[in-house]
Amino acid sequence: MCQQTTHQKEKRPIHQWFLGMIVASIFSFAYLIIPIYLLSSACCLILRYPTTNASITYALPMFLSIIIPPLPSTFILRLLKPMLYYFDYEAIYTDDKNVRQAIAGGKNFLFAAQPHGILSFVGMCAAVSKPDDAMKVPTAAASAVLQTPLLKNLMGIFNLVDASAHNLKKILKGGGSVLIYIGGIAELFKSCRAEERLYLKK
């Protein structure tokens, strides 16, 4: 049994499409500006530019982010719903009802989804559209995302966990479930618009 949900095919007012573009742009802008801010903060602290106090004040958001752990937020995810009307988003779930009942009953799963994407707007839309009970299943993400100040707090609202093999085994052995997007960062830059290849390992 498959359940298919779609938001883009529904007719929506232009203001919702425009609002969705603004919401999506926040994440795109953050991915661009956060590395620049972190590098400039480090340089200002090292050089004490323009003054020691000013450099510390400028770097304060970075220090706070290091201390504050990433926190998932269902409330904030619901506010991101306009993204569903900006992207041509469509989700297909296999045996969704039975799987959710099995999770509620204590059974654990390793879910696989695609596509990955450099900035996974697919994953964001999936998280936004999921029922609240499904939000309890964390999504595996690259360690760099979870360790980079500010970025970890921004993306942490999506309930992310480290995608390392050790951590995934720990979650599954502990009875938990996890969602992983097939592929990886290195694989993304080897993609080709003209050809698709699938490599299988025994």
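Is Cys43 buried, exposed or partly exposed? I looked this up first, and Cys43 is partly exposed, with a relative accessible area of 39%. I note at the outset that the model is predicted.

**Entry: cysteines**

I searched for disulfides and obtained a count of zero. Cys43 takes part in none, and the nearest cysteine sulfur to it, that of Cys44, lies 7.0 Å away. A disulfide would need the two sulfur atoms within 2.5 Å. I also looked up Cys125, which is buried at a relative accessible area of 1%.

**Entry: the protein as a whole**

I counted the secondary structure elements and recorded 10 helices and six strands. Along the principal axes, the C-alpha atoms fill a box of roughly 65 × 45 × 40 Å. The protein has 202 residues, and buried residues make up 31% of them. For the accessible surface I noted about 13,600 Å², with 65% of this belonging to carbon and sulfur atoms. I then turned to the contacts with a separation of 6 or more, of which 76% are between residues 24 or more positions apart.

**Entry: aromatic pairs**

I described each ring pair by the distance of the centres and the angle of the planes. The count of aromatic pairs came to six. I examined Phe27 and Phe158, which form a tilted pair with 5.8 Å from centre to centre and 50° between the planes. This pair links distant parts of the chain, since Phe27 belongs to helix α1 (residues 14-47) and Phe158 to the loop between α8 (151-155) and β5 (160-162), 131 residues apart. I checked the burial of both residues: Phe27 is buried, and Phe158 is buried as well.

I next examined Phe87 and Phe121. Their ring centres are 4.9 Å apart and their planes stand at 35°, so I entered the pair as tilted. It too links distant parts of the chain: Phe87 sits in the loop between α4 (83-86) and β2 (90-94), and Phe121 in helix α6 (residues 121-129), with the two positions 34 residues apart. I looked up the accessibility of each partner. Phe87 is partly exposed, with a relative accessible area of 22%, whereas Phe121 counts as buried at 17%. The cut-off that separates these two assignments is 20% relative accessible area.

Which residues do ring pairs link into a cluster? I recorded Trp17, Tyr86, Phe87 and Phe121.

**Entry: a nonpolar surface patch**

I looked for nonpolar patches on the surface and noted one of about 640 Å². The residues that make this patch are Ile56, Leu60, Phe63, Leu64, Ile66, Ile67 and Ile68. From this list I followed Ile67, which is placed in helix α2 (residues 52-67). Is Ile67 buried or exposed? I found a relative accessibility of 65%, and Ile67 therefore counts as exposed, the threshold being over 50%.

I then asked what distance separates the C-alpha atoms of Ile67 and Pro149. The value is 9.1 Å, although the two residues are 82 residues apart along the chain.

**Entry: items to keep together**

I set two results side by side for later reference. Phe121 belongs to the ring cluster with Trp17, Tyr86 and Phe87, and Phe121 is buried at 17% relative accessibility. Ile67 belongs to the nonpolar patch of about 640 Å², and Ile67 is exposed at 65% relative accessibility.

Conventions: Residues numbered from 1 in each chain as written. Predicted model: local features only at pLDDT ≥ 70, side-chain atom pairs only at ≥ 80, totals over all residues. Heavy atoms only, no water. Patch = residues over 30% accessible without salt bridge, like charges linked within 9 Å, V, L, I, M, F, W, Y side chains within 5 Å. Areas by Shrake-Rupley, 256 points an atom, 1.4 Å probe, with all protein chains shown as cover. Salt bridge = Lys/Arg side-chain N within 4 Å of Asp/Glu carboxyl O. Helix = DSSP H or I, 4+ residues; strand = E, 2+ residues; numbered from the N terminus. Buried < 20%, exposed > 50% of the residue type's maximum accessible area, 1.4 Å probe, protein only. Phe/Tyr/Trp six-rings, centres within 6.5 Å; stacked < 30°, edge-to-face > 60°. Contact = heavy atoms within 4.5 Å.
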